[in-house]
Amino acid sequence: MFNWRKTGFGSFLKMGSQEGLSFFVSLMDGTVLYVDEKGKSTQVASTDSSIQTLFYIEKREALVVVTQNLLLSLYVVRPEGKAEEVMKVKLSGKTGCRADIALIEGSVLVTAIGEPVLRFWDLEGGENYMLSPAEKFGFEKAENINCVSYCKTKGLLAAGTDKGRVAIWRKLPGPQSSRVAEGKDRWIFQTPSELEGNITQIKWGSRKSLLAVNNMSSVVILSEQAMSSHFHQQVAVVQTSPSLLSVSFLSTGVTHSLRIDMHVSGVFTTK
């Protein structure tokens, strides 16, 4: 398992005007090594079991390590190259389930561990809270979240579930220290996307901020667009997903869901 970074632990391993690539690597026995651009390795940390997730937080010069038994450790990398453990927590989740972690603003860890919630851990403020998909948007109570990814450009947090749905939250604008909204109140749930199968991987990418979703059988690329709607003579049609429409007859109070075999780009209704 690798995690790439630019050379230098703060004042450690300065390269002058030339910057090389270096990385951290974990071994099967739980040992974490730092390898510089010359191939020299240095042991910086060790855990009691094998490691499933490892990444470096450049802003804090720290390592985050998650083991197979779901122990999350935070190591601060000292100038001499040693890593000092400053925090350790036991993550709740399914045994054997892989923990997927997203980093927000260099200080907030978001974890998905095969349970119905996302867990947030603010490394600077020490705040912990959870987010769960809204049932009113069609999510089930026991619907588990397998993976998570954050788009810094759009301020969108996406999570994939074992029922083939993609939950999306938008982060309220404002500085990290804003007191207008804190914790989970800083996240506004958006209209989800409905796919098929068990979503195991999800990732934002490209300059267009597209979202790639892996549901075991295929990879789907999603792009953000404004939902279409139209109202005419007491009939309202609202797009609720890329290929799903909600048709409401206000005169009778009857509502129908209409799924089509193509993506909707616009709607118009006549009585």
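The legends below describe close-up views of a predicted model.

**View 1. The chain as a whole, built from strands without helices.** In this predicted model, the chain contains 24 strands and zero helices. Of its 271 residues, 47% are buried, and the accessible surface amounts to about 14900 Å², with carbon and sulfur atoms accounting for 52% of that area. When contacts between residues at least 6 apart in sequence are considered, 38% of them join residues at least 24 apart.

**View 2. The open sheet E5-E6-E7-E8.** Four strands are arranged here in the order E5-E6-E7-E8, and their pairing is antiparallel. Strand E5 (51-57) and strand E8 (83-90) each have a single partner strand, so one side of each edge strand is left without a neighbour in the sheet. On average, and with direction ignored, neighbouring strands of this sheet are turned by 20° against each other. Strand E7 (residues 71-77) is joined to E8 through seven bridges in the antiparallel sense, and across this pairing Leu74 of the model stands opposite Met87 in E8.

**View 3. The open sheet E9-E10-E11-E12.** This sheet of four strands is likewise described as open, with the order E9-E10-E11-E12 and antiparallel pairing. Its edges are formed by strand E9 (100-104) and strand E12 (128-131), each of which pairs on one side only. From one strand to the next, the twist averages 25°.

**View 4. The hairpin of E11 and E12.** Strand E11 (residues 118-122) pairs with E12 over four bridges in the antiparallel sense, and the two strands form a hairpin that has five residues between them. In the turn, Gly126 adopts a positive phi of about 75°. Two residues that face partners in E12 can be followed in this view: Phe120 stands opposite Tyr129, and Leu118 stands opposite Leu131. The side chains along E12 alternate, with Tyr129 and Leu131 pointing to one face, where they are buried, whereas Asn128 and Met130 point to the other and are not buried.

**View 5. An aromatic cluster that includes Tyr150 and Trp187.** The structure holds seven aromatic pairs, one of which is formed by Tyr150 and Trp187 in an edge-to-face arrangement, with 6.1 Å from centre to centre and 80° between the planes. This pair links distant parts of the chain, since Tyr150 lies in strand E13 (residues 145-151) and Trp187 in strand E16 (residues 187-189), 37 residues apart. Both Tyr150 and Trp187 are buried. Together with Phe120 and Tyr129, these two residues form one aromatic cluster, and Phe120 and Tyr129 are also the residues that stand opposite each other in the pairing with E12.

**View 6. The aromatic pair of Trp169 and Phe189.** The ring centres of Trp169 and Phe189 are 5.3 Å apart and the ring planes stand at 75°, so this pair is edge-to-face. Here too the pair connects distant parts of the chain, with Trp169 in strand E15 (residues 165-171) and Phe189 in strand E16, 20 residues apart. Trp169 and Phe189 are both buried.

**View 7. A charged group over an aromatic ring.** The charged end of Arg165 sits over the ring of Phe139, at 6.0 Å from the centre of that ring.

Conventions. Residues numbered from 1 in each chain as written. Predicted model: local features only at pLDDT ≥ 70, side-chain atom pairs only at ≥ 80, totals over all residues. Heavy atoms only, no water. Pairing = 2+ DSSP bridges. Axes fitted to C-alpha atoms, helices over the stretch in contact; angles between N-to-C directions. Buried < 20%, exposed > 50% of the residue type's maximum accessible area, 1.4 Å probe, protein only. Contact = heavy atoms within 4.5 Å. Areas by Shrake-Rupley, 256 points an atom, 1.4 Å probe, with all protein chains shown as cover. Phe/Tyr/Trp six-rings, centres within 6.5 Å; stacked < 30°, edge-to-face > 60°. Lys NZ or Arg CZ within 6 Å of the ring centre and 35° of its normal.
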